[in-house]
Amino acid sequence: MMLFDSHAHLDVEEFNDDREEMMKAAQEAGVSYVVNPGVDLETSLGAIEMAKKYPWVYAMVGYYPQETRFMTYELLEKIEELAKEPKVVAIGEIGLDYYWEDTPHDVQQKWFREQIRLAEKLDMPIAIHDREAHGDVVQILKEEKAFDRIRVLMHCYSGSAEMAKELLKLGCYFSISGVVTYKNNKKAQGVIDAIPLDHMCIETDSPYLTPVPFRGKRNDPSKVVYTARKIAEMKGISFEEVASATCDTAKRFYGIDQ
Ligand code: NI
């Protein structure tokens, strides 16, 4: 059995005391692949370090919305250089976040577009962070012709089932996080029903968004098991089927062929 955690921040300080044990526990739980995203230059470098250290870890590089207020064209060039390193499989996480108010929307949008263009230039897939910005995210992806040119993954998908159906027609991929296990998540069943396994990935977003029954504690890749189990229950299929199909989908999305 193989599980693919499509999005986990392994390089963060929350894991500094027990990273080795945490990684071992993840492997023992059946996690065979993890993609570590970047949110700025430092974490993009951290993601690459993790990918160098662990054969089963891959990296993404990029600036996520709240960090774009510090972005410059010089830093964009650095991200471009890092994107060419071995085992960097996508540009991410990039997108828009209208929940936090520290970075103006126009600044976020400018650097979201620039990073989409970079991914198109390098012919790399993108992982999208979209928090309370669904309309603008989709509009910018369409204006930049992202769906026609590269593969697009909505990380920790939080939109409606209707939006998922619209995006599926464009070839979009979705990653489901531990939020699917939360009791107050009323949209979840419709979203899980709407997305076929060949366009669905699963993720922990470690160390955040810990699934039930560990909600409130630190998250780590071994806990992707609980998200896969919940999806299996909601789709009325086996855990093994969810694990292997989402692993295949993530490998196809990120272009990993081993
Ligand atoms: Ni993340």
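Guide: Helices (H or I, at least four residues) and strands (E, at least two) are DSSP runs, numbered from the N terminus. This is a predicted model, with residues numbered from 1 along each chain as its sequence is written. Local features need pLDDT of at least 70, side-chain atom pairs count only at pLDDT 80 or more, totals for chains, interfaces and linings use all residues, and side-chain values use heavy atoms, with hydrogens and water left out.

Visitor: Okay, let's try a helix. Which residues of helix 5 are buried?

Guide: Buried means under 20% relative accessible area, exposed over 50%, and partly exposed in between (1.4 Å probe, protein chains only). Helix 5 covers residues 134-143, and its buried residues are Val-137, Val-138, Ile-140 and Leu-141. Looking down the axis of helix 5, you'd find these buried residues within an arc of 165 degrees, so they line one face of the helix. The arc is taken from the directions from the helix axis to the C-beta atoms.

Visitor: And what do the buried residues of helix 5 pack against?

Guide: Here we go by contact, meaning heavy atoms within 4.5 Å. The partners are strand 4, strand 5 (126-131) and strand 6, plus helix 4 (105-122), helix 6 (146-149) and helix 7. After helix 5 comes Lys-145, with a positive phi near 55 degrees.

Visitor: Now the metal. Which residues coordinate the nickel ion?

Guide: Donors are N, O and S atoms within 2.8 Å of the metal (3.2 Å for Na, K and Ca); water is not among the atoms, so sites may look incomplete. In this model, His-7 and His-9 each use NE2, Glu-93 uses OE and Asp-205 uses OD, at 2.1 to 2.5 Å. Along the chain, the donors follow the spacing H-x1-H-x83-E-x111-D. Glu-93 and Asp-205 link distant parts of the chain, 112 residues apart: Glu-93 is in strand 4 (residues 88-97), while Asp-205 is in the loop between strand 8 (200-202) and helix 9 (224-235). Glu-93 is buried at 2% relative accessible area, and Asp-205 is buried too, at 9%.

Visitor: Why is the site of the nickel ion irregular?

Guide: Four donors count as tetrahedral if all angles lie between 85 and 135 degrees; four count as square planar and six as octahedral if opposite donors are over 155 degrees apart and all others between 65 and 115; anything else is irregular. The 4 donor atoms here make angles of 85 to 173 degrees, and the site is put down as irregular.

Visitor: What does the side chain of His-155 make a polar contact with?

Guide: A polar contact is a pair of N or O atoms within 3.5 Å; within protein, one must be able to donate a hydrogen and the other to accept it, and residues adjacent in sequence count only if both atoms are side-chain atoms. For His-155, the partner is the side chain of His-7, at 3.2 Å. His-155 sits in the loop between strand 6 (152-154) and helix 7 (161-169), and His-155 is buried at 5% relative accessibility. Beyond its neighbours within four places in sequence, its contacts include His-7, Glu-93 and Asp-205.

Visitor: Last one: how many disulfides does the structure hold?

Guide: A disulfide is a pair of cysteine sulfur atoms within 2.5 Å. This structure holds 0 of them. For Cys-172, the nearest cysteine sulfur is that of Cys-201, 10 Å away. For Cys-201, the nearest is that of Cys-247, at 9.5 Å. Cys-172 is buried, at 0% relative accessible area, and Cys-201 is buried at 0% as well.
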